[in-house]
Amino acid sequence: MARDKESAYCEFVEMIQKSWTWHRLTESERVSCMDAFYFAENQNILKGNFNQRWMILQAIYNAFLCGIGYTPFNWREKEPEPSF
């Protein structure tokens, strides 16, 4: 069953807001990221079917994370306190 292409934006934003990477962003980073998504939506950059729009949004989020120094392993995790 095909998904409604108009819902791709909202579903993607809901998905990333539940992700572990989103929870490690600062508040100002979250605002900047959402600004990038708003820009893509308002400039009609999101085109195509649901999957194509999802991939565009994924590329924007990936570029944003790369721009703030994201690394896949233990990104922004606190080091465990040593116990003596």
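In which helix is glutamate 29 found? I looked this up before anything else, keeping in mind that the model is predicted, and I noted that glutamate 29 is found in helix H3.

**Entry 1: glutamate 29**

I then asked whether glutamate 29 is buried or exposed. Its relative accessible area is 13%, and because buried means under 20%, I wrote down that glutamate 29 is buried. Leaving aside residues up to four places away in sequence, I listed what glutamate 29 touches, and the list holds Arg24, Phe64, Ile68 and Arg76.

**Entry 2: the nonpolar core**

Next I turned to the largest nonpolar core, which has 16 residues, and I found that Tyr9, Trp22, Leu25, Phe37 and Tyr61 are the ones that touch the most other members. Three helices each supply at least two residues of this core, namely H1 (8–16), H3 (27–42) and H4 (50–67). I added a general remark that in soluble globular proteins nonpolar side chains tend to be buried together.

I picked leucine 25 from this core for a further look. Not counting residues up to four places away in sequence, leucine 25 touches Arg30, Tyr61, Phe64, Leu65, Ile68, Trp75 and Arg76.

**Entry 3: helix H1**

Which residues of H1 are buried? I noted Ala8, Tyr9, Phe12, Val13 and Ile16. Looking down the axis of H1, I saw that these buried residues fall within an arc of 125 degrees, so they line one face of the helix. As background, I recorded that an α-helix has 3.6 residues a turn, so residues three or four places apart point the same way. The buried residues of H1 pack against helix H2 (20–23), and also against H3 and H4.

**Entry 4: aromatic pairs**

How many aromatic pairs does a search of the whole structure find? The search finds five, and I wrote out two of them in detail.

One of the pairs is formed by phenylalanine 12 and phenylalanine 37, which meet edge-to-face at 5.7 Å centre to centre, with 80 degrees between the planes. Phenylalanine 12 lies in helix H1 and phenylalanine 37 in helix H3, so this pair ties together parts that are 25 residues apart in sequence. I checked the accessibility of each partner: phenylalanine 12 is buried, at a relative accessible area of 0%, and phenylalanine 37 counts as buried, at 0% relative accessibility.

Another pair is formed by tryptophan 20 and tyrosine 70, and this one is tilted, with 6.2 Å centre to centre and 50 degrees between the planes. Because tryptophan 20 lies in helix H2 and tyrosine 70 in the segment after H4, the pair ties together parts that are 50 residues apart in sequence. Here I found tryptophan 20 partly exposed, with a relative accessible area of 38%, and tyrosine 70 likewise counts as partly exposed, at 23% relative accessibility.

I also noted one aromatic cluster, formed by Phe12, Phe37, Phe50, Trp54 and Tyr61.

**Entry 5: a loop and the segment after H4**

Where is asparagine 44 placed? I located asparagine 44 in the loop between H3 and H4, and I marked its positive phi of about 55 degrees, which it has although it is not a glycine. For context, most residues other than glycine have a negative phi.

Lastly I looked at serine 83, which is found in the segment after H4. Serine 83 counts as exposed, at 69% relative accessibility. Between the C-alpha atoms of serine 83 and alanine 63, which are 20 residues apart along the chain, I recorded a separation of 38 Å.

Terms used:
Residues are numbered from 1 along each chain as its sequence is written. This is a predicted model: local features need pLDDT of at least 70, side-chain atom pairs count only at pLDDT 80 or more; totals for chains, interfaces and linings use all residues. Side-chain values use heavy atoms; hydrogens and water are left out. A nonpolar core is a set of buried Ala, Val, Leu, Ile, Met, Phe, Trp, Tyr and Cys residues joined through side-chain atoms within 4.5 Å. Buried means under 20% relative accessible area, exposed over 50%, partly exposed in between (1.4 Å probe, protein chains only). Helices (H or I, at least four residues) and strands (E, at least two) are DSSP runs, numbered from the N terminus. Contact means heavy atoms within 4.5 Å. The arc is that of the directions from the helix axis to the C-beta atoms. Rings of Phe, Tyr and Trp (its six-membered ring) pair if their centres lie within 6.5 Å; planes under 30 degrees apart count as stacked, over 60 as edge-to-face and the rest as tilted.
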